[in-house]
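Biologist: I am new to this structure. Please show it to me, and I will ask how each label is earned.

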Amino acid sequence: MKSVAIIGAGITGLTAAFYLKRKGIPVTVHEAGGRTGGVIQSIRRDGFLAEGGPNTLLETSPKIAQLVRDAGLASRRLDSDPQAGARYVVRYRRPIAMPPSQLGIFTSELLSAKAKFALLREPFVPRRRDGREESIAEFVVRRLNREFLDQMIDALVAGIYAGDPHKLSVQQAFPRLAELEARYGSLIKGQIFGARERKRRGEIAKDRAPKFTFDEGLQVLTDTLAAQLGNVVKLNSPVTKLTQTAGGWRVSTAAGDMEHGAVIYCGTAHKLAELNVAIGGTALTSTVNLSPFSEIRYPPVASVVLGFRREDVAHPCQGYGMLIPKIEGFKILGTIFSSSLFPNRAPAGHLTLTSYVGGERQPDLASRPADELVALTCEDLRVLLGVKGRPVFEHTMLYPKAIPQYNVGYGRYRELMNVIETQAAGLFLAGHYREGVSLGDSIVSGSNVVERVETFLTTE
Ligand SMILES: Cc1cc2nc3c(=O)[nH]c(=O)nc-3n(C[C@H](O)[C@H](O)[C@H](O)COP(=O)(O)OP(=O)(O)OC[C@H]3O[C@@H](n4cnc5c(N)ncnc54)[C@H](O)[C@@H]3O)c2cc1C
């Protein structure tokens, strides 16, 4: 069996490499950086556990739990406390609990009477039929109203994409919402009838999917996969050039060239734009134009993980966390109540709060020095959660290019990815820039690409 080169040792690349190896297909994983895991970074210090990048894995597909079992990690999996389901959205400069049932929204103070009426009217708003791509902001204002956008959707979009609802495409970034309208003519009708269908198909909606991590954080998963792969993972080994050859692909790094039957690119979209890919063999060599991928925006995000003494925080912080819409005028985008969500994130009598700063809302804030990030976060937490005094634990982490924005027009990049895979047979593209930005989406992408690569190698 021919070998496969995998570029990038984030969760996508490690998942793909792990399953290829299990199928007996030789792999080499090239990682540009000095560690595996990509944006996943879990740090244990002074009894606190800080997640620099993602905090939670949502089990939206059976492939996610399958990977955990296959990696031998079932006993280290930590599911979120079912009591910690409450989410808060900030309004009137304080966190208000989202109602546990959808009907509860009608008695909640999160929305005005006008917005509640907009909800009742939504099933009668005609569906859009001209096929034009819309931003999530346009979509929500058309089907509901402006208050829904400013109060709820803006907060949600900050929590998932650290993005701007006026730029994110409903078709590309929230395809399920677009589908509900197209199929049922209404989000509310789609919620009711779609739920029955999802149940029949065994699918789990994102808002109901189990949330989990591992005893020592999400890095347990990537560390375990990397350890099982062993010395086929090459660190500090950025791939600079791919050349199609008669038998497959020549992969060039500073250490030299290696020949493989196929290549899977599991890096970021902006790094893909820097790759030199030559196709067609020596006689007809042409270069694939990857420069459009440099246009994909990845705004900067800083995570600020703070530990406090329990008595220094007035709010109970029981629940998942709080989302903050832009109109409320805070600097942080939102906060996860990490030690309420999962056990063993803080020493006894303490709690851990993970906040995010920057994104499309205030990109310049993300790169402020650590002490400023801590100070501005503490000030917002003082107003919102009644935090007093200094934190007893601090950990900040900057992601200069954090999450790709599936903005209006993103479809052309996805089409280009399809074209490249057709033009450059044996080069596969997988990961967060193609099949959804969440960790779960990346795992599914890494699992699925294995089947495509295996078919290619066996039918070639
Ligand atoms: C701050 C933050 C918080 C998040 N929170 C959550 C969350 O709570 N839940 C959730 O589901 N998702 C969350 N996400 C999203 C999720 O973490 C990512 O979608 C997922 O981890 C992406 O994995 P990946 O392997 O596709 O990419 P990455 O993790 O970006 O890994 C790509 C790797 O490829 C390497 N690489 C790139 N180019 C080359 C090259 N030419 N040669 C060699 N190596 C190369 C890079 O160095 C990198 O290590 C969050 C993301 C961020 C940034």
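Biologist: How far apart are the mean positions of the positive and negative charges of the protein?

Modeller: They are 4 Å apart, taken over 57 positive and 46 negative charges. Lys and Arg count as positive, Asp and Glu as negative; His and the chain ends are not counted. Each charge is placed at NZ of Lys, CZ of Arg, CG of Asp or CD of Glu. One caution: this is a predicted model, where local features need pLDDT of at least 70 and side-chain atom pairs count only at pLDDT 80 or more, while totals for chains, interfaces and linings use all residues. Residues are numbered from 1 along each chain as its sequence is written, and side-chain values use heavy atoms, with hydrogens and water left out.

Biologist: What makes the radius of gyration of the protein agree with a compact globule?

Modeller: The rule is 2.2 Å times the number of residues to the power 0.38, and the radius is taken over C-alpha atoms. For 460 residues a compact globule would come near 23 Å; the protein has 23 Å, so the two agree. The C-alpha atoms fill a box of roughly 70 × 55 × 40 Å along the principal axes.

Biologist: How many helices and strands are there in the protein?

Modeller: There are 14 helices and 22 strands. Both are DSSP runs, numbered from the N terminus: helices are H or I with at least four residues, strands are E with at least two.

Biologist: Why is threonine 352 called buried?

Modeller: Buried means under 20% relative accessible area, exposed over 50%, and partly exposed in between (1.4 Å probe, protein chains only). Threonine 352 has 1% relative accessibility, so it counts as buried. Its place is in strand E20, residues 350-358. Across the protein, buried residues make up 56% of the 460.

Biologist: What does the side chain of threonine 352 reach at 2.8 Å?

Modeller: It reaches the backbone oxygen of arginine 345. A polar contact is a pair of N or O atoms within 3.5 Å; within protein, one must be able to donate a hydrogen and the other to accept it, and residues adjacent in sequence count only if both atoms are side-chain atoms.

Biologist: Why is leucine 353 called buried or exposed?

Modeller: Leucine 353 has a relative accessible area of 1%, so it is buried. This residue is also in strand E20. Its C-alpha is separated by 5.4 Å from that of leucine 306, 47 residues apart along the chain. Contact means heavy atoms within 4.5 Å. Not counting residues up to four places away in sequence, leucine 353 touches several others, among them Val305, Leu306, Ile336 and Leu385.

Biologist: Why does alanine 348 count as buried or exposed?

Modeller: Alanine 348 has 74% relative accessibility, so it counts as exposed. It is found in the loop between helix H11 (338-341) and E20.

Biologist: Which label does asparagine 344 get for its relative accessibility, and why?

Modeller: At 47%, asparagine 344 counts as partly exposed, because the value falls in between the two cut-offs. Its place is in the loop between H11 and E20. Its phi is near 65 degrees, a positive value in a residue other than glycine.

Biologist: How do you know that helix H9 is mostly covered?

Modeller: Of its 11 residues, 219-229, 8 are buried. Among them are Gln219, Val220 and Leu229. Glycine 230 follows H9, with a positive phi near 70 degrees.
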